Amino acid sequence: TEIYTLSLHDALPISVRGSAQPGARVQVTVDRKVDGGPFDGVHRLYDKGLAVDANGQWISDPVKFFSHQLAPTTFTITVVTVLNGQTSTSAVVDLGG
């Protein structure tokens, strides 16, 4: 499991790409945590199982979001890759793409 935490103030799409062994299962989640204001709390923006292609590559859909102007906003991206009961992954978070 890999977890990426971003504190952002701009409205940018997030996508995640990575590599894994063909046949692996990849699960990507993106959560937005707002501290205070009318949107206080944690909100799940994306939760999807992704296919690994024959070259061992995978990519998520772009997750479009807006940070909350009036309260601190943190985005947490979690990537879990499982193959034959073993968990391992290599992933990169792309902002703005």
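A residue is called partly exposed when its relative accessible area falls between the buried range, under 20%, and the exposed range, over 50%. D47, with a relative accessibility of 44%, therefore counts as partly exposed. The legends below describe close-up views of a predicted model.

**Figure 1. The whole chain is built from strands.** The chain of this predicted model holds eight strands and zero helices, and from the N terminus on its elements run β-β-β-β-β-β-β-β. Of the 97 residues in the chain, 38% are buried, while the chain as a whole exposes about 5600 Å², of which carbon and sulfur atoms supply 51%. When contacts between residues at least 6 apart in sequence are considered, 74% of them join residues at least 24 apart.

**Figure 2. Confidence differs along the chain.** The pLDDT averages 76 over the chain, and 69% of the residues score at least 70. Among the elements, strand β5, residues 57-59, has the highest mean pLDDT, at 89, whereas strand β1, residues 2-7, has the lowest, at 65. Where pLDDT is low, the predicted coordinates should not be read in detail.

**Figure 3. Strand β3 pairs with both β4 and β6.** With β4, strand β3 runs antiparallel and is joined by nine bridges; with β6, strand β3 also pairs in the antiparallel sense, over ten bridges. On the β4 side, V28 stands opposite K48, and R32 has H43 as its bridge partner. On the β6 side, V34 stands opposite T73. The hairpin of β3 and β4 has six residues between the strands, and in this hairpin G36 takes a positive phi near 95°. Strand β3 is mostly covered, since seven of its ten residues are buried.

**Figure 4. The largest nonpolar core draws on several strands.** This core contains 15 residues, and those that touch the most other members are V26, V28, W58, I77 and V79. At least two residues of the core come from each of β2 (14-19), β3 (25-34), β4 (41-50) and β6 (73-83). In a regular strand the side chains alternate between the two faces of the sheet.

**Figure 5. The surroundings of V28.** Which residues are in contact with V28, once its neighbours within four places in sequence are left aside? The list consists of V16, Y46, D47, K48, L50, W58, I77, T78 and V79. Two of these contacts can be followed into other views: K48, which stands opposite V28 in β4, is joined to D61 by a salt bridge, and D47 forms a salt bridge with R44.

**Figure 6. L50, a buried residue of strand β4.** L50 lies in strand β4, and its relative accessibility is 10%, so L50 counts as buried, a term that requires a value under 20%. Leaving aside neighbours within four places in sequence, L50 is in contact with V26, V28, W58, I59 and S60. L50 and T81 are 31 residues apart in sequence, and their C-alpha atoms are 9.6 Å apart in space.

**Figure 7. A network of salt bridges links D31, R44 and D47.** By the rule used here, the count of salt bridges comes to three, and D31, R44 and D47 are linked in a network of them. Side chains of opposite charge can pair when their charged atoms come close. R44 forms a salt bridge with D31, in which the closest N and O atoms are 2.5 Å apart. This pair links distant parts of the chain, with R44 in strand β4 and D31 in strand β3, 13 residues apart. R44 is also joined to D47, with the closest N and O atoms 3.3 Å apart. Is D31 buried or exposed? D31 is buried, because its relative accessible area of 15% is under 20%, whereas D47 is partly exposed at 44%.

**Figure 8. The salt bridge between D61 and K48.** The side chains of D61 and K48 meet in a salt bridge, at 2.9 Å from N to O. Here too the pair links distant parts of the chain: D61 is in the loop between β5 and β6, K48 is in strand β4, and 13 residues separate them. D61 has a relative accessible area of 36% and is therefore partly exposed, and K48, at 35% relative accessibility, counts as partly exposed as well.

Key
Residues numbered from 1 in each chain as written. Predicted model: local features only at pLDDT ≥ 70, side-chain atom pairs only at ≥ 80, totals over all residues. Heavy atoms only, no water. Core = buried A, V, L, I, M, F, W, Y, C linked by side-chain atoms within 4.5 Å. Buried < 20%, exposed > 50% of the residue type's maximum accessible area, 1.4 Å probe, protein only. Helix = DSSP H or I, 4+ residues; strand = E, 2+ residues; numbered from the N terminus. Contact = heavy atoms within 4.5 Å. pLDDT = per-residue confidence, 0-100. Salt bridge = Lys/Arg side-chain N within 4 Å of Asp/Glu carboxyl O. Pairing = 2+ DSSP bridges. Areas by Shrake-Rupley, 256 points an atom, 1.4 Å probe, with all protein chains shown as cover.
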